[in-house]
Amino acid sequence: MKTTIFTRATVNNAAELIKQGELVSFPTETVYGLGADATNVDAVKKVYVAKGRPSDNPLIVTVADPETVSKFATVTPEAKKLMDKFWPGPLTIILPIIPGALSMNVTGGLKTAAFREPDNDATRELIRAAGTPIVGPSANLSGKPSPTTAQHVLHDMDGRIAGILDDGPCRVGVESTVIDMSSDVPAILRPGAVDEEMLEPIIGQVATDKHKVGAKETPKAPGMKYKHYAPDAQVIIVDELSQFPAAIAWAKAKGYDFGVLATDQVLADYAAGLPQYSLGQDLTSATRDLFAGLRYFDLHPDVQVVLAQGFDDSGFGAAYMNRLGKAAGGEHFAD
Ligand code: TXA
Ligand code: MG
């Protein structure tokens, strides 16, 4: 299959492919998604095949306006408040579905479904022109970092999908916050750019411990139990900037071929002459560029170990540390 690149100017052609039951990757403010008509069972099947994704992992229903959600789910007053405040934006809301309104291969057999209106005009035009909501998992091969550019999508999906709607690099860089509004106490199942401190003034207390899924429990967000973002190299998190000299000395002493994934100041201070990828200036740019950095080192198979900069694990930092923690398999440098 030939994978055609579309732009906002040719969005109607991309929408035709969606109508025909084909897959088109779409841009969002978080990461690129893999779009298919959410009401077409055969089209949704193709998403699992293209990604190599386990079929018990439910998909997000991506909409161009909040009103569409009520065709499929019960929108509680609290959920409505969240939509008013944060949509379009990086918040995915889990709601009880109207029985029979969505196919099993969208919901993974659950009585709930995830809904999201992304903050991207090209994608909202795509959905409107297709006349249907689209499912939207991240457009990476299962287990690889989510794509934040059309080039990343092409790398993973060339020949596997009909098209990519290219709207440049993603602004946020990690996937949306997932909040479960179907339970008694709302729970953050996946941290993202909309954090606890932003949610609580709108809906009161939210639980945040549920995304720490133990091996034996049934995870609330089924996707959280799979291995994610696994780069070919071993990633090791360096939590304090002051630990970088010791971490670099350790990697040298071990004889590893290693690289550094860190902000400009760290690279300038400690990493001259080493393989490296810049995370920009601060937490915001680091979050935006994290997945691109992990993919960069995958293209350099000689690098066996990546020393990656940690940030404070609170507020927006929770999203960055959650994804980096998965990439590192929980490995932190200890001196
Ligand atoms: O930012 C994003 O959310 C991106 C962009 C493309 O919109 N999409 C994305 O989709 O990250 P995906 O499929 O990679 O992640 C969706 C997560 C998975 O962990 C999935 O298990 C969980 O949401 N999920 C979906 N439906 C659910 C449900 N009914 N109950 C609990 N978790 C659910
Ligand atoms: Mg994903």
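Start with the charges: the chain carries 31 positive and 41 negative ones, and their mean positions are 6 Å apart. Here Lys and Arg count as positive and Asp and Glu as negative, with His and the chain ends not counted. Each charge is placed at NZ of Lys, CZ of Arg, CG of Asp or CD of Glu.

Before going further, a word on what you're looking at. This is a predicted model, where local features need pLDDT of at least 70 and side-chain atom pairs count only at pLDDT 80 or more, while totals for chains, interfaces and linings use all residues. Residues are numbered from 1 along each chain as its sequence is written, chains are lettered from A and ligands numbered from 1 in the order in which they are written, and side-chain values use heavy atoms, leaving out hydrogens and water.

Now the overall build. The chain has 11 helices and 14 strands (DSSP runs numbered from the N terminus: H or I of at least four residues for helices, E of at least two for strands). Its radius of gyration is 20 Å, close to the 20 Å that the globule rule gives for 335 residues, so the chain is as compact as a globular protein of that length. That radius is taken over C-alpha atoms, and the rule is 2.2 Å times the number of residues to the power 0.38. Along the principal axes, the C-alpha atoms fill a box of roughly 60 × 50 × 35 Å.

Of the 335 residues, 56% count as buried (under 20% relative accessible area; exposed is over 50% and partly exposed is in between, with a 1.4 Å probe and protein chains only). Contacts, meaning heavy atoms within 4.5 Å, often reach far along the sequence: residues 24 or more positions apart account for 67% of those with a separation of 6 or more.

The domain assignment, which is automatic or from a database, splits out domain 1 (4-208) and domain 2 (234-328). Their contact takes 23 residues from domain 1 and 14 residues from domain 2. The two centres, taken over C-alpha atoms, are 29 Å apart.

Helix 11 (residues 317-327) is a good place to zoom in, since 10 of its 11 residues are buried. Among them are Tyr 320, Met 321, Asn 322 and Arg 323. What covers the buried residues includes strand 10 (187-190), strand 11 (234-238), helix 10 (283-298) and strand 14 (305-309). After the helix comes Gly 329, with a positive phi near 55°.

Two prolines sit in loops. Pro 88 lies between helix 3 (77-86) and strand 5 (91-96), and a cis peptide bond with omega of about -10° joins Trp 87 to Pro 88. Pro 145 is in the loop between strand 7 (134-135) and helix 6 (150-157). Is Pro 145 buried or exposed? Pro 145 counts as buried because its relative accessibility is 1%. Leaving out residues up to four places away in sequence, Pro 145 touches Asn 140, Tyr 229, Phe 291, Leu 294 and Arg 295.

Finally, look at Val 185, in the loop between strand 9 (177-180) and strand 10. With a relative accessible area of 41%, Val 185 is partly exposed. Beyond neighbours within four places in sequence, Val 185 is in contact with Asp 180, Gln 205 and Ala 207. Gly 204 is 19 residues away from Val 185 in sequence, with 9.2 Å between their C-alpha atoms.
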